[in-house]
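User: I'd like a close look at the salt bridges in this model and at the parts of the chains they hold on to. Could you walk me through them in one go?

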Amino acid sequence: MSEKSSGKSNERGPLFMLLILVGGLIFGFGLGFSQMAKPEVVLDFLQFEDFGLLFVMGGAAVVTGTTFAVATRLSGRAPLTGNVYTRRLKSFDKNVLVGGGIFGVGWGVSGICPGAAYASLGLGNYLILFGISGMFVGAYLQGLWRKRGADTTNPTTSAD
Amino acid sequence: MQTVSSLIPSLAYAELFPNGIDHYAIGGLLIGLGVAVIYLGTGIIAGASTFLETSLSYVSDVPRFQKGKYVASRDWRVVFTVGMVGGAAIYQAIFHGEIWTTDVQWWRLLGGGLLVGIGTRIGKGCTSGHGVCGVGSASFTSIVNVATFMTIAIGTAQLMQAIGVGVSP
């Protein structure tokens with residue numbers, strides 16, 4: 001059980017990467033099975049033509065919520081890293097609203113979000129490369145802007 | 001009387017969920033399971049969008065992308081993303097046996113993707129980070145973020161529809 005890495009944090013051994021891969025496979029399979037990897041399905045939801053997407057996000061959040069709630073009550077640490085189990089809590093500021101708003105416009109225009117876009121590629125949807133390229137350019141531009149702003153404004157909390 | 005009372009909910013159901021709910025719910029549970037497996041083994045809460053900037057750290061000298069935590073997590077995020085692509089490919093191979101492509105116009109994918117890339121990075125997360133992991137953590141920040149992007153996205157999509165930009169012309 002104690003496969004705790006002794007060296008650098010990015011060298012965690014083959015079991016660590018294997019587990020990440022398995023988790024990603026299940027995640028991507030779920031995105032395919034739920035149809036959320038199809039932008040059309042997301043747009044149908046946003047246009048009130050099919051509310052099924054609520055069950056995708058709701059079902060996923062129930063599983064993660066239960067898992068986080070149970071694990072954070074345990075005193076143990078994660079076997080492959082020795083990490084303490086925590087919840088995902090980000091600080092709140094106006095960036096949460098501004099970013100959410102910009103993301104919302106993008107999601108409403110295209111029907112794609114990062115995870116679903118990667119999975120869409122797995123469906124054979126090579127056209128999604130337009131969307132994935134856009135996301136990389138957007139993240140790069142945001143990084144450039146933040147670099148410029150960092151000199152003059154207060155340091156902002158980093159995204160994760 | 002019995003037929004009437006049983007007819008009304010089923011009509012509403014058919015209207016709200018024309019494609020049923022089974023595959024949505026099962027798919028959602030699997031998405032959550034993927035996050036849970038990684039979390040229980042490693043303590044890492046895996047969102048999908050940080051892959052964007054950690055991957056940029058391989059090719060860009062911009063200090064923003066060279067932060068320690070991005071460099072430290074970039075390798076496993078590549079593996080995670082490869083897993084996502086592979087998992088969806090396995091689904092498609094098993095259930096359909098042929099590739100599927102979208103009818104959404106390329107300029108919508110590109111322009112929408114650009115805004116998604118900017119917005120997730122400013123807003124500290126995406127549909128999986130905030131919507132699944134953050135909401136699952138009962139995080140106030142994430143719930144507000146999800147409510148914001150849901151509202152704006154619904155408005156945007158309805159506006160697109162209203163001005164006649166359908167999914168496929």
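Analyst: Happy to. Over all chains, the count comes to three salt bridges. Please keep in mind that this is a predicted model, and that the side-chain pairs below count only at pLDDT 80 or more.

Let's start with the pair that crosses between chains. The side chains of A:Asp93 and B:Lys124 meet in a salt bridge, with N and O 2.8 Å apart. B:Lys124 sits in the loop between α5 (106-122) and α6 (127-136) of chain B, while A:Asp93 sits in the loop between α3 (53-73) and α4 (94-110) of chain A, so this salt bridge joins two chains. Its two ends differ in how they are covered: B:Lys124 is buried, at a relative accessible area of 1%, whereas A:Asp93 is partly exposed, at 22%. The backbone of B:Lys124 is worth a glance too, since this residue follows α5(B) and has a positive phi, near 70°.

The other pairs share a residue of chain B. B:Glu53, B:Arg64 and B:Arg121 are linked in a network of salt bridges. In one of its links, the side chains of B:Glu53 and B:Arg64 meet with N and O 3.2 Å apart. B:Glu53 belongs to helix α3 of chain B and B:Arg64 to the loop between α3 (50-59) and α4 (68-95) of that chain, so the salt bridge ties together parts 11 residues apart in sequence. The pair is also listed as a polar contact between the two side chains, at 3.2 Å. Both residues are buried; for B:Arg64 the relative accessibility is 7%.

B:Glu53 also forms a salt bridge with B:Arg121, and here the closest N and O atoms are 2.0 Å apart. This link spans distant parts of the chain: B:Glu53 is in helix α3 of chain B and B:Arg121 is in helix α5 of chain B, 68 residues apart. Cover is again high on either side, with B:Glu53 buried at a relative accessible area of 1% and B:Arg121 buried at 0%.

Now for the helix that carries B:Arg121. How does the span of α5(B) compare with what 1.5 Å a residue would give? The rise applies to one less than the number of residues, so the 17 residues of α5(B) should span 24 Å, and the end C-alpha atoms are indeed 24 Å apart. Many of the residues in α5(B) are buried, among them B:Arg108, B:Leu109, B:Val116, B:Ile118, B:Thr120, B:Arg121 and B:Ile122. The buried set also includes B:Gly112, B:Gly113, B:Gly117 and B:Gly119.

Back to the contact between the chains, where the pair of A:Asp93 and B:Lys124 belongs. Chain A contributes 116 residues to the contact and chain B contributes 119. The buried area between them is about 10,700 Å², and carbon and sulfur atoms give 74% of it. On the side of chain A, A:Phe27, A:Arg88 and A:Tyr118 lose the most area to chain B, yet together they make up 8% of what that side buries. Across this interface there is one salt bridge, alongside 35 residue pairs in polar contact, both residues being at pLDDT 80 or more. Each of α1 (13-33), α2 (39-46), α3, α4, α5 and α6 of chain A supplies at least two residues to the side that touches chain B. The largest share, 17 residues, comes from α6(A).

A word on confidence in chain A, as it supplies one end of the pair between the chains. Its mean pLDDT is 88, and 85% of its residues reach 70 or more. Among the elements of chain A, helix α5 (residues 114-122) has the highest mean pLDDT, 98, and helix α6 (residues 128-150) the lowest, 90. Residues 1-10 of chain A have pLDDT below 50, and this stretch has 12 contacts in the model beyond near neighbours in sequence. Residues 151-159 of chain A also stay under 50, with 19 contacts beyond four places in sequence. Where pLDDT is low, the predicted coordinates should not be read in detail.

How values were computed
Residues are numbered from 1 along each chain as its sequence is written. Chains are lettered from A and ligands numbered from 1 in the order in which they are written. Side-chain values use heavy atoms; hydrogens and water are left out. pLDDT is the predictor's confidence in each residue, from 0 to 100. Helices (H or I, at least four residues) and strands (E, at least two) are DSSP runs, numbered from the N terminus. Contact means heavy atoms within 4.5 Å. A salt bridge is a side-chain nitrogen of Lys or Arg within 4 Å of a carboxyl oxygen of Asp or Glu. Buried means under 20% relative accessible area, exposed over 50%, partly exposed in between (1.4 Å probe, protein chains only). A polar contact is a pair of N or O atoms within 3.5 Å; within protein, one must be able to donate a hydrogen and the other to accept it, and residues adjacent in sequence count only if both atoms are side-chain atoms. Buried area is the accessible area (1.4 Å probe) that two parts lose on being put together, summed over both.
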